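Please take a moment to look over the sequence and the model that follow. The paragraphs below lead through some strands, a pocket and the cysteines.

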Amino acid sequence: MEQLKKVLEQCLTDGLYQIVVSNPRRKEGVQKIKVRPVMIRGELLYQESRFIGTQVFHENVPADKLITNVIYEAETGFRQVEIRARGWQATALIGRKGNLTLKKKKAAQICLPEPEHNRKKKYILDENVPVGFLQDLGIQTAKGHIIKDKFNKFKQINRFLEFIEDVLPSFPSERPVKIIDFGCGKSYLTFAMYYYLKVLKQYDVEINGLDRKADVIDTCSRLSAKYGYENLHFHQGDIKDYMQTGRVDMVVTLHACDTATDYALEKAVKWGAEVILCVPCCQHELNAQMQCAPLQEIFSYGLIKERAAALFTDALRGQLLEAKGYDVQILEFIDMEHTPKNIMLRCVKRRRGCNDDAERQYRRRKEEQTAACMEFLQVQPTLAKLFQE
């Protein structure tokens, strides 16, 4: 493989365009590897893309590791390596006994693109445009630059706005859009939601944020008045006790603790909200209830039971909402590396009316299936009890 190593070193010196490692020896596992140069934070690296079935896995490696990896794959897993560089190309064929045949020839000069990772992501909120609430909440400088250790929060805000962008067709056009944000906290996302809908999208919108902490509500109310956000209001109170008259178009509940999420979801359904965006938190209820005999040995591991209970809680919430006329998606809100509390339930009301025969049958089937799941796990979630009441 010394000959292949020299060609690889030369292609990195001359200007690599692409390496393709193909013709695998095994049917399972990695079927192909593509390599291209990328520039990440000013450092030239090489992105290895490994194709397994319909999935692609990426890893960025330095030059020395790239050469080691390609030679290893040629020795152990693949029969062909194609290399394309500035002004030449080469093909290495590897036989059964490891014997290598290398053919190299001149090729038409190609204009190599500047190495880049992925194109710079275009966020809904431009990271270079000063926005008052981002500055006051400590995310952005006075000149509009995102503070380095707050960039994950900035990405989270934009990810949330992407979810809202997807549900805009569900909002009314003939009257103001009414939104309630339960457990709004410091209101990063509440301010972003108002700014996006009112300032950027020009919607006639009214948003009410609710939180139990008086000092948080006072701060948010002052900021709302400072920015002239006339239809963004904040109230102190508990989700269970919150009363609302009239129609609500969207209910947002982000990180409401444990069963507080269930009370928010029940109110959203009662109000006929077209859209529900829910990021649950601290799902303890089912962990204390689950007494499933077939899974008893698995649940003897406390950590496994705790995590399973959290997932079952959100899955049952999704099914209960399906039975109430919503199409439910369970999505990753932000990357797992930033927080384990990253599941979002995005619920959009189905257009079919509850008097439609197919819809009635669908809801009845969902109710029966969900009841069977709860019986198997020996649980009775708060949301199920609230819907029964």
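Two strands are said to pair if DSSP finds at least two bridges between them, and the elements themselves are DSSP runs, numbered from the N terminus, with helices (H or I) of at least four residues and strands (E) of at least two. This is a predicted model, in which local features need pLDDT of at least 70 and side-chain atom pairs count only at pLDDT 80 or more, while totals for chains, interfaces and linings use all residues. Residues are numbered from 1 along each chain as its sequence is written, and side-chain values use heavy atoms, with hydrogens and water left out.

With these terms in hand, begin at β5 and β6, which form a hairpin with two residues between them, and in whose turn Gly 87 has a positive phi of about 90 degrees. Strand β5 (residues 78-85) pairs with β6 in the antiparallel sense over six bridges, and Ile 83 stands opposite Ala 90 in β6. On its other hairpin, β6 is joined with β7 across five residues, and here Gly 98 in the turn has a positive phi of about 90 degrees. Strand β7 (residues 100-106) and β6 are antiparallel over seven bridges, with Lys 106 in β7 as the bridge partner of Trp 88.

In a regular strand the side chains alternate between the two faces of the sheet. Strand β6 (residues 88-94) has a covered face made of Trp 88, Ala 90, Ala 92 and Ile 94, whereas Gln 89, Thr 91 and Leu 93 make up the uncovered one.

The next stop is the largest pocket, where a pocket is an open set of points on a 1 Å grid over the protein atoms alone, with protein on both sides within 12 Å along at least five of seven lines, and lining residues have an atom within 4 Å of a point. The largest pocket holds about 680 Å³ of space. Its lining has 29 residues, of which Gly 183, Gly 185, Asp 211, Leu 254 and His 255 are the closest to its centre. Strand β11 gives the most to this lining, with four residues.

Last come the cysteines. Since a disulfide is a pair of cysteine sulfur atoms within 2.5 Å, the count by this rule comes to zero. Cys 278 forms no such bond because its sulfur is 7.0 Å from the closest cysteine sulfur, in Cys 347, which is too far. The sulfur of Cys 373 is likewise too far for a bond, because the closest cysteine sulfur, in Cys 292, is 11 Å away.

Technical notes. On a 1 Å grid over the protein atoms alone, a cavity is a set of points where a 1.4 Å probe fits but cannot get out, and a pocket is an open set with protein on both sides within 12 Å along at least five of seven lines; lining residues have an atom within 4 Å of a point. Grid points are joined across faces, edges and corners, and a volume is the space filled by probe spheres set on the points. Buried means under 20% relative accessible area, exposed over 50%, partly exposed in between (1.4 Å probe, protein chains only).
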